[in-house]
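Got the model open in your viewer? Here is a walk through it, one selection at a time.

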Amino acid sequence: MNKFRRTPTSDFDTEVKLKGFKAYEIDSNTGKGHSYSRKDFYKISLNTGKYLFHYADRSFETDDTILFFGNPHIPYSCELLSTTNEGYASLFTEDFLKLSERSEGLLQSPLFQIGGTPILAISKEQKKNLTGIFQKMIAEQDTDYLYKDEIIRNYINLLIHEALKMQPSESYAQLKNAAARITSVFLELLERQFPIESTDRSLELRAAQDYARHLSVHVNYLNSSVKEITGKTTTEHIAERIVSEAKALLQHTDWNISEIAYALGFEYPTYFNNFFKKKTGHIPKSIRAAHL
């Protein structure tokens, strides 16, 4: 049987990872725009249309022009409710923006935090100003200028500063049951850790405490909420997802057991073997042998 490595991310994802940024126009009428398969990047977008944004534990319905801030550490999604949409977007990695010491603090602003407001209502005058910034960013990224990265970094900083001067649109938020909200966020964040596509990096979020830290809640609150809503503990959900991924890697890649163990966050292969056998009743090698 032919072995294969996990399907790589899209060319668009790869471009952002290599360069550290990408700016583009959104226009549903002309087909302009891009989709990226995994939200591994920070995002700032200027959108005109009717949308339903799901961000962490809240939902925001919009029907005008808004400025949206997406954080790769916080699960979010967007549903287009109108037939058309237009605007601009910029994706960038944390490392790209942090090359500027002044920018590091901006990523800690309320715009990118789980308790903050990621959506701002934009007036016609503000839209005109912000559109100009995005257009300059798009034009600059296609030049051969030696210091264009620094210019684009300045444009991203300018977008964040313009937003920080605006009042957050708290009226957009639609609250749901607290336990259901945090459980939904946890499950989406858990799923976002997969699929594992490389042996170069180890799974970062391995325990309930890791997820609680990323979601800025106490681990006891996370555990009780998840148990209340799903009937399973946080640890059980994590273990089940790791086992599922382990089986996929054993069956569909040529990675050795040590590589799979590391990719899934285990310090030693023996830890992985013991974990896998405890959860499945089989050793990893038997799963691979059965699939040959």
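Start by selecting Leu215, which is buried, with a relative accessible area of 2%. (Buried means under 20% relative accessible area, exposed means over 50%, and partly exposed is in between, using a 1.4 Å probe and protein chains only.) Leu215 sits in helix H6. Helices here are DSSP runs of H or I with at least four residues, strands are runs of E with at least two, and both are numbered from the N terminus. Now add Phe186: its C-alpha atom is 7.8 Å from that of Leu215, with the two positions 29 residues apart along the chain.

A quick word on what you are looking at. This is a predicted model, in which local features need pLDDT of at least 70 and side-chain atom pairs count only at pLDDT 80 or more, while totals for chains, interfaces and linings use all residues. Residues are numbered from 1 along each chain as its sequence is written, and side-chain values use heavy atoms, with hydrogens and water left out.

Zoom out for a moment. The chain has eleven helices and seven strands, and of its 292 residues, 47% are buried. Take the contacts (heavy atoms within 4.5 Å) between residues at least 6 apart in sequence: 72% of them join residues at least 24 apart.

**Two backbone oddities**

Most residues other than glycine have a negative phi, and most peptide bonds are trans. Step along to Ser216, in the loop between H6 and helix H7 (219-230). Ser216 has a positive phi of about 60 degrees, though it is not a glycine. Is Ser216 buried or exposed? Show the surface: Ser216 is exposed, at 55% relative accessible area.

Next, select Phe194 and Pro195. The peptide bond between them is cis, with omega at about 5 degrees. Pro195 belongs to the loop that runs between helix H5 (178-192) and helix H6 (208-215).

**Salt bridges**

Side chains of opposite charge can pair when their charged atoms come close. How many salt bridges does the structure hold? There are nine, counting a side-chain nitrogen of Lys or Arg within 4 Å of a carboxyl oxygen of Asp or Glu.

While you have H5 on screen, pick Arg192 and Glu188. They form a salt bridge whose closest N and O atoms are 3.4 Å apart. Both residues lie in helix H5, four residues apart, which is about one turn of the helix. Arg192 is buried at 15% relative accessible area, whereas Glu188 is partly exposed at 32%.

Move to helix H8 and find Arg241 and Glu245, again four residues apart and about one turn of the helix. Their side chains meet in a salt bridge of 3.3 Å, N to O. Arg241 is buried at 15% relative accessible area, and Glu245 is buried too, at 3%. Add Glu191 to the selection, and you have a network of salt bridges linking Glu191, Arg241 and Glu245.

For a pair from separate elements, try Lys127 and Glu86, with closest N and O atoms 3.6 Å apart in their salt bridge. Lys127 is in helix H3 (residues 124-141) and Glu86 in strand E5 (residues 86-92), so this pair ties together parts that are 41 residues apart in sequence. Both ends are partly exposed: Lys127 at 24% relative accessible area and Glu86 at 37%.

**A buried serine**

Go to strand E2 (residues 42-55) and pick out Ser45. Ser45 is buried, at 1% relative accessibility. What does Ser45 touch, leaving aside residues up to four places away in sequence? Ile66, Leu67, Phe68, Tyr88, Ala89 and Phe134. The side chain of Ser45 also makes a polar contact of 2.6 Å with that of Asn47. (A polar contact is a pair of N or O atoms within 3.5 Å; within protein, one must be able to donate a hydrogen and the other to accept it, and residues adjacent in sequence count only if both atoms are side-chain atoms.)

**Last stop: two helices packed together**

Display H8 (residues 234-252) with H10 (residues 269-280): they pack at about 105 degrees, with axes 11 Å apart. That makes H8 roughly perpendicular to H10. The contact is made by Ala239, Ile242, Val243, Ala246, Lys247 and Leu250 of H8, and by Phe272, Phe275, Phe276, Lys279 and Thr280 of H10.

Conventions
Axes fitted to C-alpha atoms, helices over the stretch in contact; angles between N-to-C directions. Parallel < 35°, antiparallel > 145°, perpendicular 65-115°, else oblique.
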